[in-house]
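Biologist: Before we discuss this fold, could you put the sequence and the model on the screen, so that each term we use can be set against its definition?

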Amino acid sequence: MEFKEFNLNPSIQAGVAAAGFVTPTPIQTEAIPSVMHGKDIMCLAQTGTGKTAVFALPILHRLMQGKRGHVRALIIAPTRELAEQIHDAINSLGQKTSLKSVTVYGGMNINTQIQKLKKGAEIVVACPGRLLDHIERGTISLSHVEVLVMDEADHMFDMGFLPDIRRILKHLPVKRQTLLFSATMPNEVHSLAKDILSDPTTIKVGQTAPAETVSHAHYPVSQHLKTAFLIKLLGHINSQSVLVFTRTKDRARRLGEQLTRAGYSSASLQGNLSQGRRQAALNGFRNGTFQVLVATDIAARGIDVRQISHVINYDIPDTPEAYIHRIGRTGRATKSGDAFTLITSDDKQMVKAIDRLMGSKVEHRTLTDFDYGSPVSQKHIQAYRRPRRYRAARYPA
């Protein structure tokens, strides 16, 4: 099957061709016809399946007819990065149309957003908190919304956004099309889905296991040696794009700084950064300025970098579902990838859970040239510095 078989508006199809899309992914093949027929859908799909186009293309197709200048499609996302990713995809696929998309999220000047909304937009991509600010100020009207999209609903629950979502729903027309996307279905999200979806079509893609294009390995190491070990491990990796996950934002910041001092072009992505620096880190990772990006789970939502070859869990994730989310950043679009996890003696239960998820025991590996018995020190970390000829620019202030 090819995209042209969806019979999209010619202007939309031209955008699809300009973006280089020819063959839809399985989720696109299954879901797009239902969305184009106006059905509500509940879609269970992990990162990297192509779900953004599932709602972006039908929305653009629909909005080619009817009034302009009103907000007719509302897309709610949990993070600024994901909102920008969706906005960029809409602009790319809709580049041959005159449809306008505006992003609404915190960390940016609200007056700039107000001015953009005043000029008129058919599509708004928003994070819940800032959207409520606009609703309360009266600077946005949702009375003309025809399509509501909730992306990564499970993550919005994790971040405590569901009460905000229910407040936003009160300002939307009852008669509308609603599309809900989630990687997992906790009880709270399931309850919300029952309340907001009308006779939905349920679509499940890639839910039970990570992508087959990803290879997995666990590296046992003492907690106090993790940073030195990671630096050593990076020396064994032939890659220009490595995403490293930590449990906390402070650890992400410190680890990014330590990797930079060790000679790696690295940046960190965490909640304490301004939006400008977050975007600079993402852009630098996308264009290859930074080889390594260190991020927390929350900050990493919305990272759409297709050439990531390695995902390294500096800290093991809290749940098997989080493991799927993390490693879904590599092995995308049929490309191969590697998922490495540094594990300690405290991680036994989660290691077993990941093994159950994989259906077999994940291989445990060691590095023959690493001193596992050494006490940690800054001098010890310096011993694993990258060779000078490979050093790159530090992250800009």
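**Terms and the values behind them**

Modeller: Please keep in mind that this is a predicted model; within it, the bridge partner of L44 in strand 6 is S182.

Biologist: What makes strand 1 and strand 6 a pair?

Modeller: Two strands count as paired when at least two bridges are found between them; strand 1 (residues 41-45) and strand 6 (residues 177-182) are joined by 4 bridges and run parallel, so the condition for a pair is met.

Biologist: How are the strands of the sheet ordered, and which of them are called edge strands?

Modeller: The open sheet has 7 strands in the order 3-4-2-5-6-1-7, with parallel pairing. Strand 3 (101-104) and strand 7 (201-205) are the edge strands, because each of them pairs on one side only. On average, neighbouring strands of this sheet are turned by 15° against each other, with direction ignored.

Biologist: Why are helix 2 and helix 3 called roughly parallel to each other?

Modeller: Helix 2 (residues 26-36) and helix 3 pack at an angle of about 30°, and their axes are 9 Å apart; angles under 35 degrees count as roughly parallel, and the two helices are therefore given that description. Helix 2 passes helix 3 in a right-handed crossing, and the residues that meet there are I27, Q28, A31, I32, V35 and M36 in helix 2 and K51, A53, V54, L57, P58 and H61 in helix 3.

Biologist: Why is K51 called buried?

Modeller: The relative accessible area of K51 is 9%, and the cut-off for a buried residue is under 20%, so K51 is classed as buried. K51 has its place in helix 3 and, leaving aside neighbours within four places in sequence, is in contact with I27, A45, D151, E152 and F181.

Biologist: Which strands does helix 3 lie across?

Modeller: Helix 3 (residues 51-63) lies across strand 1, strand 2 (73-76), strand 4 (123-126), strand 5 (147-150) and strand 6, and runs at about 165° to strand 6. Helix 5 (residues 110-118), for its part, lies across strand 3 and strand 4, running at about 155° to strand 3.

Biologist: How do you know that the span of helix 4 agrees with its number of residues?

Modeller: At 1.5 Å a residue, the 14 residues of helix 4 (residues 80-93) should span 20 Å, and the end C-alpha atoms are 20 Å apart, so the two values agree.

Biologist: What makes helix 4 mostly covered?

Modeller: Of the 14 residues of helix 4, 10 are buried, among them R80, E81, L82, I90 and L93.

Definitions and conventions: Residues numbered from 1 in each chain as written. Predicted model: local features only at pLDDT ≥ 70, side-chain atom pairs only at ≥ 80, totals over all residues. Heavy atoms only, no water. Axes fitted to C-alpha atoms, helices over the stretch in contact; angles between N-to-C directions. Contact = heavy atoms within 4.5 Å. Expected span 1.5 Å × (residues − 1). Buried < 20%, exposed > 50% of the residue type's maximum accessible area, 1.4 Å probe, protein only. Parallel < 35°, antiparallel > 145°, perpendicular 65-115°, else oblique. Left-handed = near helix turned anticlockwise from the far one by under 90°.
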